[in-house]
Each structure stands twice: as C-alpha cells, then as structure tokens.
Amino acid sequence: MQKFDTFSGVAAPLPIDNVDTDRIIPARFLKTIKRSGLGAALLYPLRYHADGSERPDFVLNQSHYRKAGILIAGENFGCGSSREHAPWALLDFGIRCVIAESFADIFYNNCFKNGILPVVLPKPEIARLTECAGRGANAIFTIDLAKQEITDPDGGTLTFEIDPFRKHCLLNGLDDIGLTLEKAPAIATYEQAARRTRPWLFK
Amino acid sequence: MSKPLTLFDKIWNHHVVDRQKDGTCLIYVDLHLVHEVTSPQAFEGLRSAGRPVRRPDLTLAVADHNVPTTDRRLGITDEESLLQVETLGRNCAAFGIRYFDMGDIRQGIVHIVGPEQGLTQPGMTIVCGDSHTSTHGAFGALAFGIGTSEVEHVLATQTLIQRPASNMRATVSGRRGKGVAAKDLILGIIGQIGTAGGTGHVIEFAGEAVAELSMEGRMTMCNMSIEAGARAGLIAPDEKTFAYLRGRPLAPKAGVWEMALAYWKTLPSDPGAIYQSEVTLDAGAIAPQVTWGTSPQDVAAIDGTVPDPAEQADPRRREAMERALSYMGLAPGMNLRDIHIDTVFIGSCTNARIEDLRAAAAVVKNRHVADSVRALVVPGSGLVKNQAEAEGLDRIFIDAGFEWREPGCSMCLAMNADKLKPGERCASTSNRNFEGRQGPGGRTHLMSPEMAAAAALAGRLADVREVV
C-alpha cells in the first residue's frame, strides 16, 4: 500500500450529503478483475450526461479541479455498498484525501487499505474549507498526517482526530496482512480453544 | 455479579484473538462468504504474495451478482460478467474453496444461500465482501460487509482487524396490521433515524413485533440495517431460529447439536445490558411504506403524498430533496398512489425467500398485472425456486403475467441484463433506490413483496390493504 505522510493539492468542493457508493462508482463498472482504471468512471452520474458527455457545471469537469487531489464533502460520504471500487476509483483519479462531516463505516475502513486519508471535521470547519476550495487552482491545501494538521490556502491550520493504529499503518504504508500473520501463533491458540468449546464449527 | 452484556458484546468477546492497547482487536471469523464481484483482486493479492487460504473449510463461494436470470443453458453472454464468474470458479479450485456454480441447484444470492444451507448460525462472526451481509444477523450472528482488502485479509488469516461497535436497540412494539410486512418495519425505522442513524453501531432489533416475525422477516429487517448506516443488525436467537436450523444440510449434526443449542441459548442480551442509543417504533401505527426519493430514508406511508422540499428548513436537505424529486420525475404534493409504474421487480437478498414469494403470490392469485407493466420474479436461490414450483407459485405468477426467472441478484443492482431503461419506474422489493441503481436513469420505489404485487396489478403504487 502506498503510504500517506504529507500531501498537497487542489481540493474540489462537493457540498452534498449522502454521496453513496453507487454514485461514486456505479455497479456496471464493477465488472472488472483489476483495481486500476476506474478513475474515468468516478462519480459518473454527477460527472456525465446519460450520453456520456461531460456535465460542464460539475466540479471535477472544471479546468482547475481536473487534477484535484482532495475532496471536501458533506455528511455520510460513501454510504451504501461495501465495494472497494469506490476508493479505487478515487485513487485512480488522483484523490488521496477525502474531508467530510462524516463517513459510512465500510467506506471509511476501505480508504485506509488504499492509502487514502479520510478526515472527519465539524460542519463549520467543513463550510470554511469548502469556501476556500471554491477559489480553484490557487487554493492549495496541505495535509500533514503525522501532525494531524490541515493547512488551508491562507496559511491557517486546523487539526483532526484519527485512530492511532490506523495512522501508524497509513504513515508507514503497512500491509495489514503481514502484521496479522505475525500473530499466527495467537490465531492458532484461539482455534485450538474454539475447537474445544464450539466443536460444531470444525469439520 | 458480572456486568450485563448485550448479544453483540458476547459475540465480540468470544471472537477476540488479540487486543491492542488502543482497543483495536483482531477478531476471528467463523464463516466467510465470497462472490464474484468483490473477490478477484483479493485472490490476486494472495497469489502475488504466495499466501494460501487459512481456512477454506470456513469459506463458501457462489456467483450471484452477474449471473443471467434467463435460460442458463445459454451461459453468460456478457464477456466481462463471464470473466468474473469464471475467475471465481478458477480461484475456488486453486485455493480449495467450496463453490456453488451456476449449474448447482444450491446456487443463489449469497445471503439467501448461507441461511438456507444451515451455515449461518447464532453466535458466529460472518463476513462477506457485500454490505448486505447484515442479513445473517437475523440468526443472532455478528455479520457485516467488508471491502476487498479485508476479503484478502480474511482469506489469508481468518481474522479481521476491527474496533468494537456501539450498541443500539430498536424496539418494535405492538402488532403489525393487515398488509404490513417486515419490510415496512425496517423502512419505518430507516425513515425515523436516517441513513446515517446507525453509523458506528450494531442495531439489535427487539420487541414483540420482532419476536413475532418469521426467520424470513427477520432476515429482511437485518438485511436493511446497512441502509440505516449500521455496521450490522442483530436479533436474539430463539425457538424459531433453532427450528429453522434443525436438519439443514450444513447445520450442526446430531452429537454436537445439543451442545450448540446450549451455547446459542446463552447468547441473548442480559437484562440490564447497556445500549448507547435506543429507538422505538409502534408496529401497530405503521402503514405499508414506499420510498419516493433516491435514498432509503426518503420513505412515506402509501396513503401519503410526495413531500414538499419548500417545507425543509435546512438548505442542503432541501437541495437534496429537489434533486431527488427531479430525478424521480415527481412533484410535491402528489398522492403516492397516483404514481404510475412500468416495471415490478420481486427479488433480491432483501425479499426473495420463499415466504416473500408466497406473500406476493397470494396478492396476484387469479388476477393479472396491468397491461403496461413488465413484472418479474427472481427467486433468491435454486432451492427457493424449486420450493415455489412445488407449491405451484410459479403458475400463479406466470398466469398473472409475471416472468419467472432463474436465481441471482438481478435487477437489484443491474449488473446482468435485468435493468431499467432511463426514465423507467419500478416498484421493487430490493434495498436501494439510489440514482441509477437499477440501471442508468431508472427510478426505484422500494416496498414489500405484497406491495410490489399490488402495484403490478394496479399499474401504479397501490395500497395492498385495498387489494386483499
């Protein structure tokens, strides 16, 4: 997994609540056996007309946001399906950080597995950042995960909360599976005990 | 005396393999269900790291999202779908995982297959790369959806890194009125708490109206707990749960059955257990529900009207409602019963079990769908289909003008050929009415099987209480 330490980029404002995973990446784009190539379909129904042409008024279609690396959204971002294609699509587009008032649980989890930092901030702070982001290409935000700090285009800073273990994994780009496999003896011990107490779970 | 625990607390505690200082836990997984859409990248990850599947015996795979629901002898014609389904078959063979392929009578929607086989049991932890894994909570199992990276993690280690959820109790008191189904209860709760109302929580459904539900009805409720944002739904196991499980092919066999039963009976929440939040609903006060918008929380009683965004104080909520009504092609103040439909879909992991088909068949028996309506029934599994045919339900549906299909996810998410055309309007027993969910530009109204059947007859949204 690619690590996340500091990141600077343009932030695209998407002041909508309940952006569901069907909007982030519709089901018809899930017929793939790869992780890559989904960026073109990111936020498809918001980005494109039914005939596939771009909606010029949508934020990611405006020239200064075409290379946005940060998304600033409303409440309950990523609700709905468990599809990891949603963070894959964000990543493939170039989004490394989503800042929102709240996230749906599974999507939030999935971000960390892909080197994307999801940041939760209170409504008034989101409103201020959204306004800053509205200034376009000159509105560069910097995110410092180690310091848990966002620097806005005017040089103002604000801090955010994050679970220490997730922060550690993201900062170091750690592979969860590798970490867990180091605990293989504990897993084996658990299995031996479960075999005695709940034998019907074992063949 | 020890601290009173909830059902969730007990299952959680029984599955902790390792606990870090910050509270992050390594949780053991008792059952891993796998389907073709969210697994290929996980198997690829295992392959490139040279890792085996730790417990293939606790893993079951089935193809459901992409499979055609028409004549199976023709195979899968869509190349991408075919590749996904074939990849699942190859991965299962390579890693030694049980696989119900498209020709197997046990094939069906993964969340219907698990319970039907008796694999889903109280007290288990169950995961799947699918958000509707919450369905299995109906048996008092802690069951939740995971992403593909976590699928790979479970395949490799049979564990997951998780933090405990908070407990929420949704108590449904009273008795359902005529024509009111489990679907109406869960839609009512989602309407009340919203699609983020359960975030960070496991919702335990309790109360007289929940105890009274069949296992099928309980599965419908737990299935949609994800639509309330919850990590999982749970219902305490009881005599109905045990009776449902007894004798199923993969349920505990004689010899260990009594031991399993004794364990299962220890699971229900202790009196005085703490819930971080509580909601209540009076089943007697709930009318059949339909959604009018593009989120499951956009729900109203069938005898109501389309709400008016102008009455919304919050500007962002008003904008979202306006967008939803524009997408749905509806005007504020319209009677919901005046909304005409083109399509009826009876199916999905929410409502494609035998009881759902019986309920819909009872409404359409000796009647006919409106001329303008295309109606389909997609049974949840090959075994549900067989059972329905043995009961003559297929004849009732076909005589009423429905298409009788092969099992799969079908028009719930339109990954196969079953989809709405732009602008088409569907009365659907599925779980999500998001924009484009049933096909780009398609318009979805969620409701119970009884209500979808009534809509099929009327050619518009209808109150099933006026039909039966």
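In this predicted model, Gly459(B) takes a positive phi of about 75° just after helix H15(B). That helix, spanning residues 449-458 of chain B, is a good place to start looking around. Nine of its 10 residues are buried, so H15(B) is largely enclosed by the rest of the structure. The buried stretch takes in Pro449(B), Glu450(B) and Met451(B), then the alanines Ala452(B), Ala453(B), Ala454(B), Ala455(B) and Ala456(B), and finally Leu457(B). As for what does the covering, the elements of chain B involved include strands S13 (289-291), S15 (343-346), S17 (402-404) and S18 (425-428), along with helix H12 (354-364).

H15(B) also turns up in the largest nonpolar core, a set of 114 residues in which Phe77(A), Ile99(A), Leu117(A), Phe141(A), Val344(B), Phe397(B) and Phe402(B) have the most contacts. The helix gives this core its largest share, seven residues. A second, separate core holds 103 residues, among them Ala61(B), Leu119(B), Met124(B) and Ala260(B).

Back in the largest core, Leu117(A) has plenty of company. Beyond its neighbours within four places in sequence, Leu117(A) is in contact with residues including Phe4(A), Val98(A), Ile143(A), Phe160(A) and Leu170(A).

Ser82(A) offers a polar counterpart to look at. This serine sits in the loop between strand S2 (70-73) and helix H3 (85-93) of chain A, and it counts as buried because its relative accessibility is 2%, with the cut-off set at under 20%. Its side chain reaches across to the backbone nitrogen of Ser131(B) at 3.4 Å. Not counting residues up to four places away in sequence, Ser82(A) touches Ile106(A) and Asn110(A), plus Gly129(B), Asp130(B), Ser131(B), Gly145(B), Ile146(B) and Gly147(B).

Definitions and conventions:
Residues are numbered from 1 along each chain as its sequence is written. Chains are lettered from A and ligands numbered from 1 in the order in which they are written. This is a predicted model: local features need pLDDT of at least 70, side-chain atom pairs count only at pLDDT 80 or more; totals for chains, interfaces and linings use all residues. Side-chain values use heavy atoms; hydrogens and water are left out. Buried means under 20% relative accessible area, exposed over 50%, partly exposed in between (1.4 Å probe, protein chains only). Helices (H or I, at least four residues) and strands (E, at least two) are DSSP runs, numbered from the N terminus. Contact means heavy atoms within 4.5 Å. A nonpolar core is a set of buried Ala, Val, Leu, Ile, Met, Phe, Trp, Tyr and Cys residues joined through side-chain atoms within 4.5 Å. A polar contact is a pair of N or O atoms within 3.5 Å; within protein, one must be able to donate a hydrogen and the other to accept it, and residues adjacent in sequence count only if both atoms are side-chain atoms.
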